[in-house]
Amino acid sequence: MRPRMLLMLLVLAAPSPGYAQIEECGFFKRTIDDIVAGRIPPPPDDNATRLLSVERGARCFAIYAAGAERILFRDFVKRFEASRTDKQSGAAASGAGSTSVASQGPAAKVLSVAAEYGALAQSVDGQVVTIRGNLAGIPSVLLRQNVFPYCVDNLTNGYCASGSLLGLLRRASFSVSFDATRGSQLTATPADGATTTEPVAFRAKRDQISAVAARIELWNQRDTTSKSFLDAWRSTVGAAMDLTAEDLLLRAGTFTDSVINAPDYDAWQMRHVPRVRAAGQNRDAIVSALRDALRDLLAIVDARVPDLASQAEAALVSYNAFFLAQDELIDAIAMKRVFALEYVGNRPIGQPNTSNVRLIVDWPLTPRTKLVGNGGATIYDTLPADAPAGARRYRDAQVALQLDHGLDKASILGPAVFSLAVYFQHQHSPALLQVDPLNPIPGVSFVGLSAGAKTVFAQKGSLGLFQAKLTLAPVGSNVKVPVSFTYSNRTELIDKPTWRGQVGFAYDFDSLFALADRAVR
Amino acid sequence: MSSASDGGDPRVTYPAMSCSLKAVPDSSLFEGPKGQEITLVVKDHIGTVLIAKAEYGGGSLVPVGQAVSRLTFTLAPDRNTLKLVLVFSASTGGRGELREEAGSDSQFLRDLAGDEPFQALRIMGT
C-alpha cells in the first residue's frame, strides 16, 4: 500500500458497516424534525411540500439519485484508484524527451513555491526555493475529485472529510528548501595553454536541500463573527467563490432541471405530499412515505433521463468543491490568534547542520494590522572534530518582533503590506565554517589561512537587526514581491555594521491548479 | 403576508404594492403575473447569506464576481426556473431566509441552509 493511501486512510474517520439512511441527509432530517416537532413554517410554506421539493433540497436528492449514501469502502477504494492523476503516462520527468518538468504531486492545492534571494542574519547569501504544504492538501484534492465527500451530514458511512477535520489538518504544515546555487557542477580545469577541446570530469555537489521545516499550530482562535470579518467576507466572497458557484449553478442546475422538468414531477408531488401529511407526526411513517416517494421519483425520471445518476454525481462533485472553497475563504480571511511551534533543520553549505526550535505568536491587532513574535534557540546537530575550544552544541538564541500593516482597506491580505521588524540574536557558540577548497562557500573568501585549516570560527556575542519591508501583491495576480532593507550591527561572521537590500518573489500555484482543474472539467 | 420590518423612515409613504408570488397548493410551484417586476431579498439568521449566482430566463441576475442580498427580475410568461447559488459566512452551519419584497409588503418564501446552497424556484408567469 502506498504511503499516500496510508495517510489518506489515517485522516478519514473510522468506517461504519452497512448503508446509511437517506433521511439522515441534512435537508430531509431538518424537515422531518420540524414535522415531528409540530413546527409550522410561515405561510405560504408547508413542511410536507418542502420535504418533497427537489428545488429546495437538490443535494439530498442528488445523493439518493447517485446512490452515494450506499457507497461502501470497496467503492471508495475504487474511486481513489480511478481518480489518481499521478500515474506517469509519458516519460518520467528525468527521462529524455519528457514533457514533464516535475513529477505530479497530490497536494497541488497547498503547494506554494517561494524563491528568495538574500539572507538576514547569515553572511552567506543564496538562492533558495521553498516548497510548502500542509496536511489538509491530500484530503482536499480527494474531495475535489469526489473520491470521498465533504461531511455535511451523517449519511456517508464515515468515509468523508469534514470542514473541522480539514481545519485541524491545516494546522500542521511542512516545507523543504532547496538552494539553487548548489546545483552547479565543478569541472576539472584544463592545463594552461591548452587550445584543444578536452574532456573534463563533472562531479555533482551535495544535494540541494538546504532546510526542512515542520510547524504545528498549538492554539488557533478564529474570529468569524465580528463586524470586521463579515465586512471582509462580504467584500471578497463574490470574487473568491465565482468559479465554484458558477460550477454549482451549472451542475446542480442540470440535475435539478432533469427532475423538475419531467412531465410527471408535478403529479408525483401531488400524489406523495398528501401521503406525507397523512403520516402526521409519526417519524417512522414520515420516513416510510419519503422513501416511497424517492423510489417512485427515481423510476419516473430514470425512464426519461438515462444519465441521471451521472448528473447527480457531477452535481455532488460541485457541491464538494463549493463547500471546500467556502471553508478555505473563511479560513483565509478570519482574523486568527495563533500560537505555533516550528522546527527547522538547516543544512547550510560549508557549515555544520543545525536544528532550530521556535515558538511563534501571531496576534492581529486590527483587520489591517498584526503583531508577530518569535522566540527560539538553535543547536548544532554535531560539532566538527576540530571545533574550537569555546564551541558548544547550543549555538544561539533569538527573539524577533514584527508589525505588519496592510495598505489596503479590506485586510492584511490586501495588495500591499508594510512591515517593520526587529531581531536580536545571542551567539552563544561561534559560527563555524568548514573550509573545503573544492567546494568554496559562495560569497566568502579566506585570506591568510594556514594550509591545514579545516574549520574557521567567528566571534560570539550579540547581533541586532532592523528591517523595513514592503510586500507587493499586484491586483489579480498570485505573485508576491517582497522588497526590504535591513540594517544589522554585525552578522554572524562579520563584526561590522551592515546594510542590505533584499528582493523576493513568491507565486501561489493554487489558482493555476484551479484553472487547470476547471479546464479539465 | 406581513409588513416589512427592515427599518426605514416611517414618514415615507410607500406606493400601494403587494407581493406577487403565490404558492400553488401541494406543489413547489409559484405563480405570478407575467411582466411583473419581482424583488427577492435574503435575510440572515446565522451568519451572513448572500446570493452569488442567479439565473432566470437564460440570463444572469448577479454581476460576475459579486454577491448580493437583493435582486430584481421581471416575470416571464409561462414556466421558468429561477436558480440561485447562495454563499454563507458560517459555511454549512449558516441559516437565512428568502423573501419577496414589494414596497412596504414582504412575504416569506423559504428558509435557507448552508448545506443546500443551490435553490431553484419554478415560477409560472400567468
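At what angle do the axes of helix α4 (residues 58-66) of chain A and helix α12 (residues 308-333) of chain A cross? In this predicted model, the two axes come within 8 Å and cross at roughly 130 degrees. Because angles between 115 and 145 degrees fall outside the perpendicular and antiparallel classes, α4(A) is oblique to α12(A), and the crossing in which α4(A) passes α12(A) is left-handed. On the side of α4(A), the contact is made by Arg59(A), Ala62(A), Ile63(A), Ala65(A) and Ala66(A), whereas α12(A) contributes Leu308(A), Ala309(A), Ala312(A), Glu313(A), Ala315(A), Leu316(A) and Tyr319(A). By class, the residues of this contact comprise 10 nonpolar and 2 charged, with no polar residue among them.

A second helix pair of chain A is formed by α10 (residues 265-278) and α11 (residues 283-304), which pack at an angle of about 170 degrees with their axes 9 Å apart; α10(A) is therefore roughly antiparallel to α11(A). Trp268(A), His272(A), Arg275(A) and Val276(A) of α10(A) meet Ile286(A), Ala289(A), Ala293(A), Asp296(A), Leu297(A) and Ile300(A) of α11(A) in this contact, which has 7 nonpolar, 1 polar and 2 charged residues.

Between the chains, 34 residues of chain B are in contact with 45 residues of chain A. On the side of chain B that touches chain A, at least two residues are supplied by each of the strands β5 (49-56), β8 (78-88), β10 (105-113) and β11 (118-125), and the residues of that side divide into 15 nonpolar, 10 polar and 9 charged.

How values were computed: Residues numbered from 1 in each chain as written. Chains lettered and ligands numbered in written order. Predicted model: local features only at pLDDT ≥ 70, side-chain atom pairs only at ≥ 80, totals over all residues. Axes fitted to C-alpha atoms, helices over the stretch in contact; angles between N-to-C directions. Helix = DSSP H or I, 4+ residues; strand = E, 2+ residues; numbered from the N terminus. Parallel < 35°, antiparallel > 145°, perpendicular 65-115°, else oblique. Left-handed = near helix turned anticlockwise from the far one by under 90°. Contact = placed C-beta atoms within 7 Å. Nonpolar A, V, L, I, M, F, W, Y, C, P; charged D, E, K, R; others polar.
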